[in-house]
Structure formats: structure tokens, C-alpha cells
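Student: I'm new to this one and I'd like to know where the descriptive words come from. Could you show it to me and talk me through them?

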Amino acid sequence: MTGPDTAPFVDRPDGDLAREVASAPAGHAAAAEGELYRRFARRIRLFGVRHLHDDMAADDLAQQVMLIAIERLRAGEIRNPDEIGSFILSTSRMVATGLRRTERRREHLQMRIEAGEPVDLPRDERLFDADRIRPCLASLRERERTILLLTYYVERSATEIAVGMGMSAGAVRVARHRAVAAMRDCLEAGRPA
Amino acid sequence: MTAGPGVCLSIGELSDYWTADVFPDDMERIEAHVFACSACTELLADVDRLRRSIGDVARTGGFQAFVTDSLLNQFARDGVRVRAYAMDAGGSVQCAVWDDDEVLVTRLRADFRGVTAVDAVMRLDSGEEWARASDIPVPEGSRELIMALPAALIRRAPEVPMRLIVRSSAAPPGESPLAEYTFDHRGAHTRRG
């Protein structure tokens, strides 16, 4: 007979947490549900930003998908809790398609996980200060800086950038990878110890 | 803790995820990995912050770079206040910025045919070097480069004539420049009323 898992929640695999939610009476595994929510709401939100191009819609998506996931876990309707990530991703795709199709985004602000206080979504996507970004941007090679601006400000593809800069699309991508890595290194180096 | 399935994603893959360049199969593969890997979630969120921060800095004209018309069009869509000049090789212009300008753009015209990259050096009247840019890509057959500078930088520049000298990056030392431009800098002006 196995006793309750006393490992800290943050150290436990997703599948363990999902199994705990599935095996407990509804609403009696709040800590495991909270940890699953903390982990996956952020991933769903990033997915939502990429596909819906709207921060509020991404927030709505995260709320709605996690509501579905936790309800399905509680109801024992997820056959393999070890595949919880896969279930949440496929649900995110389905719900995002629905959100795009119906444009009923605002309604979902009202949706909350039942029982307990509304949970704030992780807001760790605060932007870097412009005073930190500017010197790092300035330290890049000319072509890398231009490529980052065209990619992330003007939202041009590598092929479009290549035409405008007299480079190949492959060279644009390589330069962009190098520039993003250099920017991260520069921002890390500027962080207070 | 979420274990990552297989090898973690590279910074290049994660930066491509936020662009129009990512192939649908790669997008699905990246999402499947991120939904099972906390380390790659962190990295993906970091790249998201970085791209948004770059966009924010660009939107205020807080960078200096050689750019394309598509970036100027984006400035126009975003309502960025741009002061623009156009100069032929050997030409000079009396230039200044006003207090509400955000970006100074100069179209540097010359025959750049046969040149793939140039270096540009800005010198004060005294000969002292004020700024330098190296390895600026030149599209084939180009007759114009577009230089963007933050108006804030120009406000701090000395009120003296400055000379911009443009050379092919591949030119041996001592070879004549491709073009020179004189900026008769008249400082910063304030609008009345």
C-alpha cells in the first residue's frame, strides 16, 4: 500500500498531480489542482498569444482550457493522467479554434474554476525595461539589429527580409537565431546578481 | 516539476516559433514539447518577452539602424513621428529635429550597384569620429540606404557640420569612398504655442 505522496508539489511530475486530482473526491485535491494550473496556464497563454494574437483572448483561453481539464480529471474522464500535457494541448487547439470562430471572447472572462477564489494567471511576461533593451540592441551587428526589428516589430518573414536586405532567407534565419541568443546573453549579463 | 520529452528545444527553434517562418509541423512539435517541459516553457516565455520588448522599443524609435521601407510604413501605422531627409551623394542638408520628433530618417542616395555591404562613419567637422556602422547589407542594384536615428540622439549631438562617409566593406584601405554626405546640424527646435 502506498501512502500519500509528500514530495513538494513543484518537484512532482505532471502525471502524479493529474492522478491525485483524478483519485480524490471532487474539490479535495486543491493543492494539486493549483499546481497543475500554475504550470499549464502559462503554457496555454503562450500558445494563445501565438495563435490568437491577443493577450486578453490568450488569458481567456487559459482559463477555459484549465476549467475543462480539471473538470475532466475530477470526473475521471482522462484515461491516462501521465498524458495530461498532451490532453491540455489538444484541448487548447480545439478551444482556440472555437474562440477564433465565434469571437465570443469577452464571455469567457466570467468563467472561473469552481470552488475557491479566482486564480490570477501568471503575469511573468512583463517586458524588459527599454533602458536595458536599447544598449543590448545597439551592441548587435548592424544586420542582426535590422533583422530583429523587421522580424519582431514589422513581423516580416525571413523570405521578405531577405529580399529587402540582399541576403538569403537561410542567412536571415541564422542571423536572427544568433541575435536572439546575443540579446538574451546581454540581458542576463545586465541583471543584478 | 515537468520532465522534458527528449532533447530540449534550441533558442533558434523557439525564436522561429514567434515568426511567420515556422512550418506547421515544427510548430506542432514545439508545442508538444513545451507542454511537457518546464525548462522550454521558461525559454519560450523569455523569447516572447524579448520580442515584445523589441517591438516596444522600436515603436518609440529607440534604436539606430539601417532600415527598409517596410519599417517606415510600420512607423506610419504606429503614429511614430518621423522627420525625413533625402540626400544625393556629395550633397549636404541643413538638418534639425523638433521637440516632438521621435526618429530622424535619412535616405542616402548613391550608386551602390555591385556592392553587397558598406561601412559608414560619421565625423565631426574636426575630423573626430562621432559614430560608426559596419557591414550594412546592401540589396543588389540598390541606389539608396535608409538610416534611422533616434531624435533624442540628435538632440544631444554637437551643433556643427558632420560628414558621413560610406565605403564598400570589401574595399581595400585607401580606396575612395562610395559616397559622402554633409549634415549641417542646426540642433533641436521647439515649436511655439
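**Two helices and what surrounds them**

Tutor: Let's start with α6(A) and α3(B), which are roughly perpendicular to each other. This is a predicted model, where local features need pLDDT of at least 70 and side-chain atom pairs count only at pLDDT 80 or more, while totals for chains, interfaces and linings use all residues. Residues are numbered from 1 along each chain as its sequence is written, with chains lettered from A and ligands numbered from 1 in the order in which they are written.

Student: Why are α6(A) and α3(B) called roughly perpendicular?

Tutor: They pack at an angle of about 100°, with axes 9 Å apart. Axes are lines fitted to C-alpha atoms, for helices over the stretch in contact, and angles run from 0 to 180 degrees between N-to-C directions. Roughly perpendicular covers 65 to 115 degrees (under 35 is roughly parallel, over 145 roughly antiparallel, the rest oblique), so the label fits α6(A) and α3(B).

Student: Which residues meet there, in α6(A) and α3(B)?

Tutor: A:L148, A:L149 and A:Y152 meet B:R51, B:I54, B:G55 and B:A58; contact takes C-beta atoms, placed from the backbone, within 7 Å. They divide into 5 nonpolar, 1 polar and 1 charged. Ala, Val, Leu, Ile, Met, Phe, Trp, Tyr, Cys and Pro count as nonpolar, Asp, Glu, Lys and Arg as charged, and the others, Gly among them, as polar.

Student: What makes helix α6 of chain A largely enclosed?

Tutor: A residue is buried if 20 or more other C-beta atoms lie within 10 Å of its own (exposed: 12 or fewer; partly exposed: in between). In α6(A), residues 142–152, 10 of the 11 residues are buried, so the rest of the structure largely encloses this helix. Among them are A:R143, A:E144 and A:L149.

Student: Where does A:L149 sit in the largest nonpolar core?

Tutor: A:L149 is one of the residues with the most contacts inside that core, which has 98 residues. Such a core is a set of buried Ala, Val, Leu, Ile, Met, Phe, Trp, Tyr and Cys residues joined through C-beta atoms within 7 Å. Leaving out residues up to four places away in sequence, A:L149 touches A:V154 and several in chain B, including B:I54, B:F63 and B:L71.

Student: How many residues does each chain bring to the contact?

Tutor: Chain B gives 51 residues and chain A 50. On chain B's side, the largest share, 17 residues, comes from α3(B). That side divides into 27 nonpolar, 14 polar and 10 charged residues.

Conventions. Helices (H or I, at least four residues) and strands (E, at least two) are DSSP runs, numbered from the N terminus. Two residues are in contact if their C-beta atoms, placed from the backbone, lie within 7 Å.
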